[in-house]
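The following exercises are to be worked with the sequence and the structure at hand. Each task is followed by a solution in steps.

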Amino acid sequence: MSEIAEFLRARYQERREEAKFVHEIGCAEIRHAGLSDCDCGQPEAIVADLDAELAIIEEAERSEAAAGGQPDFDGGGANALLWVLLVLARPFAGHPDHKGEEWGP
Ligand SMILES: [Zn+2]
């Protein structure tokens, strides 16, 4: 689980670093109204989503550690959280570090 957790952490860190720039080029208030600031709620909402996803990763790793370092493939909480991490990795399927079918749906 730690490999996919590290993969996701890296992708979320990249998105966090891009969030301000993506907002500035995409925000109608800044681009079209010529404002230097806005109250659209971005990029804070993106960062909040990333923080929630990072919290899921942390809980998955905590649960795995509590289960003795092995996902519970008989159907325990760690197994369910591993499934969640696999789902979270789906949007990054084209990334060169993604494990493809090993992490696939
Ligand atoms: Zn905005």
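**Exercise 1. Establish whether leucine 50 is buried or exposed, and describe its surroundings.**

Solution. The model is a predicted one.
Step 1. Leucine 50 has a relative accessibility of 4%. The cut-off for a buried residue is under 20%, so leucine 50 counts as buried.
Step 2. Leucine 50 is located in helix 3. The buried residues of this helix are Leu50, Ile57, Ala60, Ser63 and Glu64.
Step 3. When neighbours within four places in sequence are set aside, the contacts of leucine 50 are Tyr12, Arg15 and Arg16.
Step 4. Arginine 9 lies 41 residues from leucine 50 in sequence, and the two C-alpha atoms are 9.4 Å apart in space.

**Exercise 2. Compare the span of helix 3 with the expected value, and state what follows the helix.**

Solution.
Step 1. Helix 3 comprises 23 residues.
Step 2. From the first C-alpha to the last, helix 3 reaches 33 Å, which is close to the 33 Å expected at 1.5 Å a residue.
Step 3. Glycine 68 follows helix 3 and has a positive phi, near 90 degrees.

**Exercise 3. Identify the residues that touch the most other members of the largest nonpolar core, and the helices that supply this core.**

Solution.
Step 1. The largest nonpolar core has 16 residues, of which Ile4, Leu8, Tyr12 and Leu85 touch the most other members.
Step 2. At least two residues of this core come from each of helix 1, helix 3 and helix 4 (77–89).
Step 3. Leucine 8 touches Ile57, Leu85, Leu88, Ala89 and Phe92, residues up to four places away in sequence not being counted.

**Exercise 4. Determine the donors and the geometry of the zinc site.**

Solution.
Step 1. His23 (NE2), Cys27 (SG), Cys38 (SG) and Cys40 (SG) coordinate the zinc ion at 2.0 to 2.3 Å.
Step 2. The angles among the four donor atoms are 96 to 125 degrees, and the site is tetrahedral. The ideal angle for four tetrahedral donors is 109.5 degrees.
Step 3. Along the chain, the donors follow the spacing H-x3-C-x10-C-x1-C.
Step 4. Histidine 23 belongs to helix 1 (residues 2–26), whereas cysteine 38 belongs to the loop between helix 2 (28–31) and helix 3 (44–66); the pair therefore ties together parts 15 residues apart in sequence. Both histidine 23 and cysteine 38 are buried.

**Exercise 5. State which elements have the lowest and the highest mean pLDDT.**

Solution.
Step 1. The protein has an average pLDDT of 86, and 90% of the residues score at least 70.
Step 2. Among the elements, the lowest mean pLDDT is that of helix 2 (81) and the highest that of helix 1 (93).

Terms used:
Residues are numbered from 1 along each chain as its sequence is written. This is a predicted model: local features need pLDDT of at least 70, side-chain atom pairs count only at pLDDT 80 or more; totals for chains, interfaces and linings use all residues. Side-chain values use heavy atoms; hydrogens and water are left out. Donors are N, O and S atoms within 2.8 Å of the metal (3.2 Å for Na, K and Ca); water is not among the atoms, so sites may look incomplete. Four donors count as tetrahedral if all angles lie between 85 and 135 degrees; four count as square planar and six as octahedral if opposite donors are over 155 degrees apart and all others between 65 and 115; anything else is irregular. Helices (H or I, at least four residues) and strands (E, at least two) are DSSP runs, numbered from the N terminus. Buried means under 20% relative accessible area, exposed over 50%, partly exposed in between (1.4 Å probe, protein chains only). pLDDT is the predictor's confidence in each residue, from 0 to 100. A nonpolar core is a set of buried Ala, Val, Leu, Ile, Met, Phe, Trp, Tyr and Cys residues joined through side-chain atoms within 4.5 Å. Contact means heavy atoms within 4.5 Å. The expected span of a helix is 1.5 Å times one less than its number of residues.
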